[in-house]
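Please look through the two chains shown below, and keep them at hand while you read the paragraphs that follow.

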Amino acid sequence: MKPINELRLEFPSRSANEGFARTAVASFLAQLDPAVDEMADVRTAVSEAVTNCIVHAYPDRIGPVIVQVRLYRNGRVIIRVKDRGCGIPDVEKAMEPLFTTGGEERSGLGFSVMESFTDRLKVTSRVGKGTTVTMEKYIAVRQP
Amino acid sequence: MVTRMETGPGQVTVYLSGELDHHAARPLREQIDGIAERCGAKKLRLDFEGVPFMDSSGIGLIMGRYRMMCALGGELQVTGMSERLRSIMRLGGLERLPIFPQQKGEHNETDQ
């Protein structure tokens with residue numbers, strides 16, 4: 001199925017861009033007229049995915065973060081957050097709630113938040129190549 | 001960011017504002033810890049009324065301050081959270097920590 005609209009963003013993995021990324025995705029989604037909660041779900045999930053790239057994919061350098069949003073009929077939204085960073089050796093382990101390699105001040109709940117605020121989450125990663133997080137979210141179509 | 005603080009006998013309240021993400025968390029943590037250290041208060045209250053957005057970085061920040069206050073033999077309280085922020089706290093299991101003061105109309109499960 002072809003998307004009815006598409007957004008692609010690329011920016012360096014600077015933490016100042018976390019706010020920009022979630023706000024840009026939310027603005028793009030506004031054309032679907034989402035409910036306040038749906039919008040907040042997406043903002044939070046995107047924030048987590050982009051933060052992961054900044055904290056984990058490029059721990060000691062700045063690299064590219066690519067955010068792609070595709071809108072389909074019936075309110076289906078696919079959001080991809082991609083990096084070309086270090087990759088995750090054990091994706092299953094990384095997705096366990098509370099597991100973190102980010103130190104004391106990181107909660108280890110990034111993937112848990114993405115999982116609970118979207119309808120589907122897929123993580124693919126190759127060590128040395130990078131990680132792609134794909135999130136699917138259905139925005140309820142409101143009858144006029 | 002910290003917009004306001006109030007000190008009382010043995011306690012300090014820090015009013016936070018703005019979006020709490022990973023980018024905001026570090027300077028905010030340093031500000032809060034600086035205030036807590038200067039005041040030497042046994043009770044630290046963080047007010048989230050002015051925080052419209054928070055992701056899991058907020059959970060990390062609260063957990064860190066909770067551990068710090070426990071280590072000092074003190075107490076942490078969290079107030080002013082929207083239902084949205086509370087739902088993120090629940091994901092982290094933080095609802096179980098004794099950091100939410102009882103609000104009017106709310107009762108403990110053990111209350112009759």
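In chain B, B:Gly8 stands opposite B:Gln11 in strand E2, where strands (E, at least two residues) and helices (H or I, at least four residues) are DSSP runs numbered from the N terminus. The model is a predicted one, in which local features need a pLDDT of at least 70 and side-chain atom pairs count only at pLDDT 80 or more, while totals for chains, interfaces and linings use all residues. Residues are numbered from 1 along each chain as its sequence is written, and chains are lettered from A and ligands numbered from 1 in the order in which they are written.

The two strands around this pair are E1(B) and E2(B), the latter covering residues 11-17, and they pair in the antiparallel sense over six bridges; strands count as paired if DSSP finds at least two bridges between them. Further along, B:Met5 stands opposite B:Val14 in E2(B). The hairpin that E1(B) and E2(B) form has two residues between the strands, and in it B:Gly10 takes a positive phi near 70°. Is E1(B) mostly buried or exposed to view, if one counts its buried residues? E1(B) is hardly covered, since the count of buried residues among its seven is zero, a buried residue being one with 20 or more other C-beta atoms within 10 Å of its own (exposed means 12 or fewer, partly exposed in between, with C-beta atoms placed from the backbone).

These strands belong to an open sheet of four, in the order E1-E2-E3-E4 of chain B, with mixed pairing. Its edge strands are E1 (2-8) and E4 (75-79) of chain B, each of which pairs on one side only, and the twist averages 15° from one strand to the next. Helix H2 of chain B (residues 56-71) packs on the sheet, touching E3 (43-50) and E4, and its direction makes about 150° with that of E4(B); such angles run from 0 to 180 degrees between N-to-C directions, with axes fitted to C-alpha atoms, for helices over the stretch in contact.

Chain A also holds an open sheet, of five strands in the order E1-E2-E3-E5-E4, with antiparallel pairing. Its edge strands are E1 (5-12) and E4 (120-126) of chain A. Within the sheet, seven bridges join E2(A), residues 64-71, to E3(A), residues 76-83, and A:Val69 stands opposite A:Ile79 in E3(A).

Helix H2 of chain A (residues 36-57) has 22 residues, which at 1.5 Å a residue should span 32 Å, and its end C-alpha atoms are 31 Å apart, which agrees; the expected span is 1.5 Å times one less than the number of residues. H2(A) is mostly covered, with 18 of its 22 residues buried.

Where the chains meet, the contact takes 21 residues from chain A and 18 residues from chain B, two residues being in contact if their C-beta atoms, placed from the backbone, lie within 7 Å. The largest share of chain A's side, eight residues, comes from H2(A).

How far does the predictor trust the model? The complex has an ipTM of 0.92 and a pTM of 0.92. Chain B averages a pLDDT of 88, on a scale of confidence in each residue from 0 to 100, but over residues 108-112 of chain B the pLDDT is below 50.

Conventions. pLDDT = per-residue confidence, 0-100.
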